Amino acid sequence: MSEGREPAPEAVWLVAANVVRWRRYGDLGQELRPGTKAYRGGTKVYVIDTYAGMGHQQLTTVGRGRHSRRFITIDTATRHLHTFRAQLVYSPAVISRSAGTGIPPGGRERTEELAALLERIAREERHAHHGAPHPVPCRCHECLTAAEAAEEGAGDGDRVSPA
Ligand SMILES: [Zn+2]
């Protein structure tokens, strides 16, 4: 039952994530902007380094840029990403950019631990970063997913997490 291709020897475990559709913007986060300056919303990126000394609030990412659609390496706020998960990466372009960064090559388990940590930080930061309530209406990742959960869960209990 163990068919399927074996990972190529040079494949590496990295944390993958997606860029939020909308981010809060401005001093108090009352404006909304699509994606980030460098990435379109929804773009898949790989985390190749974190700033542990800054509480992992900033990450170095590799992904296809908003304009060129070519791979770029750029620092991104953790709160602008979501759905962090461990992934075995085969892309030579991504692997070469990840080589020699602050995250030593790790196995699946350690990568999953980092993904869970970054997910938690991203969620906290989406609420805490601007130090002000979300605009009304808001389309930031937290508010969009809360609205979707409310629609899906309408009538079967309260699965919406408190804002
Ligand atoms: Zn919001």
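The following legends describe close-up views of one predicted model.

Local features rest on pLDDT of at least 70 and side-chain atom pairs on pLDDT 80 or more, whereas totals for chains, interfaces and linings use all residues of this predicted model. Residues are numbered from 1 along each chain as its sequence is written.

**View 1. An open sheet of 5 strands, with antiparallel pairing.** The strand order is 6-5-4-1-7. Strands are DSSP runs of E with at least two residues, and helices are runs of H or I with at least four, each numbered from the N terminus. Two strands pair if DSSP finds at least two bridges between them. Strand 6 (71-77) and strand 7 are the edge strands, each pairing on one side only. On average, neighbouring strands of the sheet are turned by 40° against each other, direction ignored; axes are lines fitted to C-alpha atoms, for helices over the stretch in contact, and angles run from 0 to 180 degrees between N-to-C directions.

**View 2. Strand 1 and its two partners, strand 4 and strand 7.** Strand 1 is joined to strand 4 by 4 bridges and to strand 7 by 7 bridges, in the antiparallel sense. Ala16 stands opposite Tyr46 in strand 4 and opposite Arg85 in strand 7. Asn18 has Lys44 of strand 4 as its bridge partner. Of the 8 residues in strand 1, 7 are buried; a residue is buried if 20 or more other C-beta atoms, placed from the backbone, lie within 10 Å of its own, exposed if 12 or fewer, and partly exposed in between.

**View 3. The largest nonpolar core, with 28 residues.** Such a core is a set of buried Ala, Val, Leu, Ile, Met, Phe, Trp, Tyr and Cys residues joined through C-beta atoms within 7 Å. The residues with the most contacts inside this core are Leu14, Val15, Tyr46, Val47 and Leu118. Strand 1 supplies the largest share, 7 residues. Leaving aside neighbours within four places in sequence, Tyr46 has contacts that include Leu14, Val15, Val62 and Val89; two residues are in contact if their C-beta atoms, placed from the backbone, lie within 7 Å.

**View 4. Helix 2 and the loop residue Arg79.** Helix 2 lies across strand 1, strand 4 and strand 7, and runs at about 170° to strand 7. Arg79 lies in the loop between strand 6 and strand 7. This residue, Arg79, is buried because 24 other C-beta atoms lie within 10 Å. Not counting residues up to four places away in sequence, Arg79 touches Ala122, Glu125, Arg126 and His129. Arg79 and Arg126 are 47 residues apart in sequence but 5.5 Å apart in space, C-alpha to C-alpha.
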